[in-house]
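Trainee: Please take one part of this model and go through it closely. I would like the helix packing, then the charged pairs.

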Amino acid sequence: MYKQPRQSITVTEATKKMERYCAYQERCHKDVEDKLKTMMLIPEAKEKIILHLLEHNFLNEERFSQSFARGKFRIKKWGKQRIIRELKYRGISKYNIKTALKEISNEEYLETFHELAERKYDLITEPNIAKKRKKLTDYLLYRGWETTLVFEKVSVLFK
């Protein structure tokens, strides 16, 4: 099968596309750079577009990191460790990561952790106590909850 060559895109068209891409959902620099790579633009054009997005507030790392932390915590029930790991993977600065974590209140964080742990404990049908304990521990650690919290909760649940 013959594949058609990609049509070239103008900087103005690419800029409009990227404005829509950033307006739809908060994006980080890495997301934008990856999207621009697919457009096969010259480096100068990519820089010009990124600069335009920054100047017109379509791209804002601090806003992205705060939104990301809130969303992953409230919707996916991720712990702070997982959120930090994912933000670092996206190249977010330590300052912005710290700012993002302030979006999560300690009371809400602990309440969510306890609800999640107890719900998962009830859902695990494993009859072997040691295996059930391991499944719960692994689940909570994978979700990014702190080891001290996880081991305290597991020891309370398995008394």
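Mentor: Here is the helix packing, followed by the salt bridges.

This is a predicted model, where local features need pLDDT of at least 70, side-chain atom pairs count only at pLDDT 80 or more, and totals for chains, interfaces and linings use all residues. Residues are numbered from 1 along each chain as its sequence is written, and side-chain values use heavy atoms, with hydrogens and water left out.

Start with helix 8 (residues 129-142) and helix 9 (residues 147-157). Helices here are DSSP runs of H or I with at least four residues, numbered from the N terminus. The two pack at an angle of about 155°, their axes 10 Å apart. Axes are lines fitted to C-alpha atoms over the stretch in contact, and angles run from 0 to 180 degrees between N-to-C directions. Helix 8 is therefore roughly antiparallel to helix 9, a label for angles over 145 degrees. The crossing is right-handed: the near helix is turned clockwise from the far one by less than a right angle.

Which residues of helix 8 and helix 9 meet? From helix 8 come R133, L136, T137, L140 and L141; from helix 9 come T147, V150, F151, V154, S155 and L157. Contact means heavy atoms within 4.5 Å. By class, this contact of helix 8 with helix 9 has seven nonpolar, three polar and one charged residues. Nonpolar covers Ala, Val, Leu, Ile, Met, Phe, Trp, Tyr, Cys and Pro; charged covers Asp, Glu, Lys and Arg; the others, Gly among them, are polar.

Helix 8 also holds a charged pair. K134 forms a salt bridge with D138, the closest N and O atoms being 2.7 Å apart. A salt bridge is a side-chain nitrogen of Lys or Arg within 4 Å of a carboxyl oxygen of Asp or Glu. Both residues lie in helix 8, four residues apart, about one turn of the helix. D138 is partly exposed, at 37% relative accessibility. Buried means under 20% relative accessible area, exposed over 50%, and partly exposed in between, with a 1.4 Å probe and protein chains only.

The structure holds 10 salt bridges. Another joins R63 and E26, with closest N and O atoms 2.7 Å apart. This pair links distant parts of the chain: R63 is in helix 4 (residues 61-74), E26 in the loop between helix 1 and helix 2, 37 residues apart. R63 is partly exposed at 27%; E26 is partly exposed at 22%.

Finally, R82 and E86 meet in a salt bridge at 3.6 Å, N to O. Both are buried. R82, E86 and R90 are linked in a network of salt bridges.

Key:
Angles under 35 degrees count as roughly parallel, over 145 as roughly antiparallel, 65 to 115 as roughly perpendicular and the rest as oblique.
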